[in-house]
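Welcome! Please have a look at the structure below before reading on.

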Amino acid sequence: MTDAASRRPFREAVVDLGAVRANLASIAERVRPAQVMAVVKADAYGHGAVPVARAAVAAGADWLGTADLGEALALRDAGIDVPLLAWLHDPEPDFAGPVERDIDLGISSADQLRRAAETADRVGRPASVHLKIDTGLSRNGVPPEDWDASAALAAELEARGLLRVRGVFSHLANTSAEEDAAQLAAFERALTAAELAGLAPEVRHIASTAAALRLPAARYDLVRIGIGGYGVPPYSDGTTAADLGLRPAMTLRGRVAAVRRIDAGTGVSYGHAWRAERPTTLALIPLGYGDGVPRQASGRGEVLLRGRRRRVVGRIAMDQFLVDVGDDQVAVGDEVVLFGDPATGAPSADDWGDAAGTIGYEIVTRIGPRVPRTYVGGV
Ligand SMILES: *Cc1c(COP(=O)(O)O)cnc(C)c1O
């Protein structure tokens, strides 16, 4: 082991901002002339909102997107001044700060439209809004039956100078080609109705990573790219990051905290869910569900240790778990990689998702605050 390796923290998430930049630049090139919004909600899917937002802007992202207004305000506080959209609001939202600070509001109801207009009136500047239509995800967004009335109200408030409808948008369920087509048709109807109501949105957008990459008809003026920027595939069909020309940005790594030789028949970890069939060596990995390593992956997840994949044995605990290394030599302090770029031999976040019955999105996003983020690749 090198000195540099021995000085590394015993658990860390290394985030390669160079990979974030390369992924977003590559996607931008593929979707042109559509613009790109880098979605950095949930602390940039666990990667760190501010550093990722800066990398995204450096890569040419035209917009940033968050779910919550608080996340958007934090980006403004960090001095990031590109167009920003936030779309999921408290039932009694405080739109004043966002309107004053040029944060565009995703609007899903007439009530939110009225509140945006009231705020604009009070702070003395128009609210910039993107009206959201529910085309079939059945989450938020104006329901189709209310769309005409909401578009008319928006046009009236726009005529009064209280708001500007800068965008019309929706979100796909990514269910099947047929369902996507039905949602795009519903989106087209909503756009036509918006135009008839007198609205002239500058950006129409419906695609997140999945549709941006595979469904050119969904790109419109802007695509909202979350997971693709982090180099994790949006699909659950076995497509890898490399297949998509993307590179995973996050590597979750640690160092072996203890090594133990055990006899055949020895029970391992809580409940002795696993017993050694023959004498073997265990390595203790200092990460657990308190760090976002899913307990559901007990007995199935794998790590890269001394050049080979090693399986988790016994239950993953809050702070630690064990892997079986057989008769191989391993030492305390050895580097272990839970997930990263499969090109290095490491499992992917999706491999952990498969092991835990979930998706790569959830694996990277839930890596907890106890794991320090280390940034490489500059901005
Ligand atoms: C999270 C989110 C996205 C990004 O989706 P990815 O699949 O991560 O690209 C885009 N749009 C909305 C409305 C979202 O909530």
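This report covers the ligand site, two local backbone features and a set of paired strands.

**The ligand and its surroundings**

The model is a predicted one, so please read every value as computed from it. The ligand takes up the space of the largest pocket. Around the ligand there are 13 residues, and those that come nearest are K41, Y45, T209, I227 and Y361. By residue class, the shell around the ligand holds 6 nonpolar, 4 polar and 3 charged residues. Two elements, α3 (41–45) and β9 (222–225), each contribute at least two residues to this shell.

Several side chains place a polar atom close to an oxygen atom of the ligand, as the table shows.

| Residue (polar side-chain atom) | Ligand atom | Distance |
|---|---|---|
| K41 (N or O atom) | oxygen | 2.7 Å |
| W87 (polar atom) | oxygen | 3.5 Å |
| Y361 (polar atom) | oxygen | 2.6 Å |

How much of the ligand does the protein bury? On its own, the ligand would expose 400 Å², and the protein buries 94% of that area.

**Backbone features worth a look**

Helix α3 deserves a second glance, since D43 is found in this helix. Although D43 is not a glycine, its phi is positive, at about 55 degrees. As noted above, α3 also supplies at least two residues of the ligand shell.

Elsewhere, which kind of peptide bond joins R32 and P33? That bond is cis, with omega at about 10 degrees. P33 belongs to the loop that runs between α2 (17–31) and β2 (35–39).

**Paired strands β15, β16 and β17**

Further along the chain, strand β15 (residues 302–305) runs antiparallel to strand β16 (residues 308–313), and 4 bridges join the two. Within this pairing, V303 of the one strand stands opposite R310 in β16. The hairpin formed by β15 and β16 has 2 residues between its strands, and R306 in this hairpin takes a positive phi near 50 degrees.

Strand β16 has another partner: strand β17 (residues 321–326), with which β16 pairs in the antiparallel sense over 2 bridges. Here V312 has V323 in β17 as its bridge partner. In this way β16 pairs with β15 and also with β17.

Definitions and conventions: Residues numbered from 1 in each chain as written. Predicted model: local features only at pLDDT ≥ 70, side-chain atom pairs only at ≥ 80, totals over all residues. Heavy atoms only, no water. Pairing = 2+ DSSP bridges. Near = heavy atom within 4 Å. Polar contact = N/O pair within 3.5 Å; in protein donor to acceptor, adjacent residues only side chain to side chain. Areas by Shrake-Rupley, 256 points an atom, 1.4 Å probe, with all protein chains shown as cover. 1 Å grid on protein atoms, 1.4 Å probe; cavity = no way out; pocket = protein on both sides within 12 Å on 5 of 7 lines; lining within 4 Å. Sits in = over half its atoms within 2 Å of the grid points. Nonpolar A, V, L, I, M, F, W, Y, C, P; charged D, E, K, R; others polar.
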